[in-house]
Amino acid sequence: MADAKPKTEKELKKEAEKAAKIAKFEEKQKKLAEQKAKAAASDKPAKEKFFQAKAKKDPTANAIPVDTTTPGQKKDISSEIPSAYSPSYVESAWYSWWEKEGYFKPEYVDKLNPGSNPESFTICIPPPNVTGTLHVGHALATTVEDTITRFNRMHGKRTLFNPGCDHAGIATQVVVEKRLKRERGLTRHDLGRDRFNQEVWHWKNEKGDVIYDQFRKLGASVDWDRAVFTMDPKMCRAVTEAFIRMHESGTIYRSNRLVNWSCALRSAISDIEVDKKELTGSTLIAVPGYDQKIEFGVLNSFAYKIEGSDEEIVVSTTRIETMLGDSGIAVHPDDQRYKHLVGKKCIHPFIASRELPIFSDSFVEMEFGTGAVKITPAHDHNDYEVGMRQKLPFHNCITDDGLISNGCGEFSGMKRFDARNAVIEALKAKGLYRGKEDNPMVVPTCSRSKDVIEPILKPQWYVKCDHMAEKAMSAVASGDLQIIPEFHKATWNRWLESSRDWCISRQLWWGHRIPAYYVSFTDKREQPLPEEEYWVSAKTEEEARQKAAKKFQVAEDLIQLKWDEDVLDTWFSSGMWPFAVFGWPDNTKDMDLFFPSAVLETGHDILFFWVARMVFMAQELTGKLPFKEILLHAMIRDAHGRKMSKSLGNVIDPLDVIRGVTLEGLQAQLLSGNLDEKEIAVAKAGQARDYPDGIPECGVDALRFALLNYTSQGRDINLDVLRVQGYRFFCNKIWQAVRFSLNQFNEKPEQKPTFNIDLSKATPTDKWILSKLAKAVKETNETLKVYNFTQATSITYNFWLYDFCDVYIEAIKPVLYGDNPTLRQIAISVLHLCVDTGLRLISPLMPFISEELWQRLPRLADSDYSAPSIMVAQYPLTERYEKYQNEKLEAAFEFAKEVVGKVRSLRADYDLTARTKITIQILAETADDQSMLNDLSDVIATLTWSKSVTILAKSESDKIEKGSAHIACGSRCQVYINLTGIIDTVKEIEKLGAKLQKNQISVKKISDIQSTADYEQKVPSGIRARDQEKKASLEKEIENITAAIAQLKALN
């Protein structure tokens, strides 16, 4: 193209570099092809042996093995351990075998330890919605619950992790109604109640096991034979019994009050199903059923004329359409502006028959708006209280469908938000409109339908909460019920102190139908009592008839009954979960063994909505607390700290983290949801920014370990997928360490590890790792007992990675490959004890990799335990490892490791590889340190790749060899490395100078990025942390290189 834009020098350079890389790659591929052809053509046995050996050493040669075990059978691990860790291979087969063998069942402990009569441990899974699929919040909760369960099971307790699923009234009904409409063009009313509920059961049976399958993938060790669905017959029986008992005791009563009404769903909804949208001022919001967005966040002012006077009183409101339901005007008793109007009446401009009294009430804020408040008792919670106090009439002006009620003049039959504009225009026409202004406010919306919630007066069933709240607060105050972390106690008390009675009626068809019947009489007699007095509760209509006849002292044939069409709030049956699952109201064996539960684990966001109600119901119906402890986990947010939302594209499906997914795969998932085109575009951009290469396969164990490490008992977790990937690398490190150990166990058939170790013949290195192991056992037990999972993961991570892999395995290689059979025998026995114990320590946290590797370990005849699976093996007990503790030796090793670190750092500065052997002299400041380092000189030599390590007294400084580089190791010793003949100082100074300049440029680039205006807001916290870590590392390297250059100049 003649008029193409000329390329810049930078673009041409980039293209040249790219072309060079491609050419280099093609040349490499060509050489590889030639080598393969040459190898194939050669018939020499030696050549074949060479390539076979090379393939064996290739870490990717067996990276993705395939497991062909039949589900339920024990995995075949007779073949050689794969050379690399593969999550999909490791996680295959074990779960179905565990389940088939009955390891998840509490009764298994009797088979393992007959006659032991152990302590019971129970945890009930918070029942997820049957409509749901696994999200990362479920993954966190399940991981924590399963870790606690596995830990207690390995401690020999009769352990039950009870699964289940919630019928999720509104959520399920909405899903099935949408499906009916989409697939068959029908509404539930077209089918009728019974046929519609059959459709819901059909959908549940078709889709309801999805969440259970996902729990299996996470490794949840639940007793599936005890799984409970909240609409199962035993739950229905328990719910009915609970309602009747509480109704007859007066704890449940009926009342005509305001409820959160969703016009779109035509049902009341609970507080937790109300989203609160905060507005700073005028905002247009999309509302279901309206073509145009509706304005919120404004305060409209209008005037009411005073009856028999030329005066007026101006009121302000954010919901001007509700003036059609006004009953009066309130002013503050101390407000001098309106004192002369109190007792007078206003004229309603659109409803001539309605008079509005002006009265004083101290709830009015004189400074807000005009200081005069319109009172709409039937459509506002605050106004309801005022209306009751002042004995005002209650005028319903909005119907269940969201239309303006009859009796509201020209506006009757209009949609409520169409009436909003119509009322304003009509007020303007009458000269009564006084304008509008921005007003910060909260708009309540339905989390299911996105409809704006309308407070509507409804006769509903309520639970009295005051006395139950007092008992719940007392239980926490006395310590009988523990809340962890403790800072949530303040929230518990604040909510319960101000708790209102609980509305349990829902205008749905799917759910537990309320077992209450309205009584009327066949002889049409008068019914002068309040409506709520004509209700009886019963298990059947026949029982209801008997109760009604007795209550009203009439013959049964005079009783006419109508069964309440509403269902109970889902939280009512969920509140009974901890005891209903075990067969309440019967005194079953499971009730005796497993109720109350040991602990309830859930998110802190439902502390009041669910947790408190379980405490209410259990104390009310069983006289016991439902559990001893409440463990609350944090809320998971994305790496930017944002709430996870499909419209942002930042929702993380745990299965994507476990299996891995491409960016294209992530974006395809967006199309199957309910997002509009604009939201999809925003979500795709967010995914492309956060996951440009998709999400790597991390596996279940890495995800579990990461989630546990995040639980630092705060309020929020910012989840970074790359951190999860880091724990996948940790899994590979464990894999390689065990693989190395297995090879050592099999290296010499005449030498086999033993459980009992002769410490008198052990080296300091052996004794040190055993001491570190004993410390890890003690601290892991302590931290898991108090649910400090962050600390537990850190302890096990540090032991495996920094103590066992980085130090012990490296330090004992001269022994393993040496010619001292006694020392080698001890070393492989210590290796076995560390691997066996280390795997059992991480088993509750990482169940799959621990089982896979533990099953490959040789069983020792003199071991202190035996078990068919690691998940029912004995958890390492602190008291059995105490004999290995040696704090003095640990302190000595820390000193030696510090020396090793300094030497390795210097070697790195001079680019000395492990093949380059050096000589080290260490000048100790004290005789104790000289003796200590002498004992560990072999370890120091091994870990620093040195020919020799000489420990000198402070007075022997004259023995330091010339040409030695010097490093200070704190105030305790000086380290000297002889570089004579190893490096060319002039060339080394040039090389280090270039490296120094390169690092300085890198630091400047990071600093420039960090100083951009929106860096803190736009860059995920995990990436910001890595930037800072990289910068700090580079700055440290710059400091070391500068010192190394100075050293080299001094040598010259």
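Biologist: Which side chain meets Glu 1037 in a salt bridge?

Modeller: This is a predicted model, where local features need pLDDT of at least 70 and side-chain atom pairs count only at pLDDT 80 or more, while totals for chains, interfaces and linings use all residues. Residues are numbered from 1 along each chain as its sequence is written, and side-chain values use heavy atoms, with hydrogens and water left out. A salt bridge needs a side-chain nitrogen of Lys or Arg within 4 Å of a carboxyl oxygen of Asp or Glu. At 3.6 Å, N to O, the partner of Glu 1037 is Lys 995.

Biologist: How many residues apart are Glu 1037 and Lys 995?

Modeller: Helices (H or I, at least four residues) and strands (E, at least two) are DSSP runs, numbered from the N terminus. Glu 1037 is in helix H37 (residues 1021-1051) and Lys 995 in helix H35 (residues 985-1010). The pair links distant parts of the chain, and the separation is 42 residues.

Biologist: Is Glu 852, the salt-bridge partner of Lys 75, buried or exposed?

Modeller: The closest N and O atoms of Lys 75 and Glu 852 are 2.7 Å apart. Lys 75 lies in the loop between helices H2 (45-57) and H3 (87-90) and Glu 852 in helix H30 (residues 847-856), so the pair ties together parts that are 777 residues apart in sequence. Buried means under 20% relative accessible area, exposed over 50% and partly exposed in between (1.4 Å probe, protein chains only). Lys 75 has 4% relative accessibility and counts as buried; at 0%, Glu 852 also counts as buried.

Biologist: What is the relative accessible area of Glu 177, which meets Arg 188 in a salt bridge?

Modeller: The two side chains come to 3.3 Å, N to O. Arg 188 lies in helix H8 (residues 188-191) and Glu 177 in helix H7 (residues 169-184), so the pair ties together parts that are eleven residues apart in sequence. Arg 188 is buried at 6%, whereas Glu 177 is partly exposed, at 25%.

Biologist: Which residue in S18 is the bridge partner of Asn 260?

Modeller: Two strands pair if DSSP finds at least two bridges between them. Strand S5 (residues 252-262), with nine of its eleven residues buried, pairs with strand S18 (residues 454-463) in the antiparallel sense over ten bridges. Within S18, Asn 260 is matched with Pro 455.

Biologist: Which residue in the S5-S6 turn has a positive phi?

Modeller: Three bridges join S5 to strand S6 (residues 267-269), and the two run antiparallel. They form a hairpin with four residues between them, and the turn residue with a positive phi, about 55°, is Arg 266.
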